[in-house]
Amino acid sequence: PTFFLIRDPELYRLWFQIPRSPPPDVSGVIRDRFGARFVLCRWDDRFRDFFFRLAFEPRVQTIAVSSGWAVYDIGSR
């Protein structure tokens, strides 16, 4: 994360903020701003709203959820 912050402070702030306060269409934001197709997250109860919001968006497919990790396919652009 340190090099990420130095390279692109604005994108780093978005990356930091998304799980703490997920925006509407969180999968679209991740897909468009980060160019990601998949989201892999370590489960943390502090980010429960993020996980639930992401899991129930129409284009998102939950690949795996365990006590420690969650993986989502958010589709391509």
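**A nonpolar pocket, a one-sided helix and a buried aspartate**

In the lining of the largest pocket, 14 residues are nonpolar, three are charged and none is polar. The model here is a predicted one. Space in this largest pocket comes to about 410 Å³. Its lining is made up of 17 residues, and those closest to the centre are Trp 15, Pro 19, Leu 40, Cys 41 and Phe 50. Two or more lining residues come from each of α2 (9-17), α3, β1 and α4. The biggest share is that of β1, which puts in five residues.

Next comes helix α4, which spans residues 48-55 and has Phe 50, Phe 51 and Leu 54 buried. Looking down the axis of α4, these buried residues sit within an arc of 95°, so they line one face of the helix. That fits a simple rule: an α-helix has 3.6 residues a turn, so residues three or four places apart point the same way. The cover over the buried residues of α4 includes α3 (26-34), β1 (38-42) and β3. Phe 50 turns up twice, then, being buried in α4 and also among the residues closest to the pocket's centre.

Strand β3 covers residues 69-73, and Asp 73 is part of it. Asp 73 counts as buried because its relative accessibility is 11%, which is under the 20% cut-off. What does Asp 73 touch, leaving aside neighbours within four places in sequence? Its contacts are Arg 37, Phe 38, Arg 59, Val 60, Gln 61 and Ile 63. Closer by in sequence, a polar atom of the Asp 73 side chain lies 2.8 Å from the backbone nitrogen of Gly 75.

Note on methods:
Residues are numbered from 1 along each chain as its sequence is written. This is a predicted model: local features need pLDDT of at least 70, side-chain atom pairs count only at pLDDT 80 or more; totals for chains, interfaces and linings use all residues. Side-chain values use heavy atoms; hydrogens and water are left out. Helices (H or I, at least four residues) and strands (E, at least two) are DSSP runs, numbered from the N terminus. Buried means under 20% relative accessible area, exposed over 50%, partly exposed in between (1.4 Å probe, protein chains only). A polar contact is a pair of N or O atoms within 3.5 Å; within protein, one must be able to donate a hydrogen and the other to accept it, and residues adjacent in sequence count only if both atoms are side-chain atoms. Contact means heavy atoms within 4.5 Å. The arc is that of the directions from the helix axis to the C-beta atoms. On a 1 Å grid over the protein atoms alone, a cavity is a set of points where a 1.4 Å probe fits but cannot get out, and a pocket is an open set with protein on both sides within 12 Å along at least five of seven lines; lining residues have an atom within 4 Å of a point. Grid points are joined across faces, edges and corners, and a volume is the space filled by probe spheres set on the points. Ala, Val, Leu, Ile, Met, Phe, Trp, Tyr, Cys and Pro count as nonpolar, Asp, Glu, Lys and Arg as charged, and the others, Gly among them, as polar.
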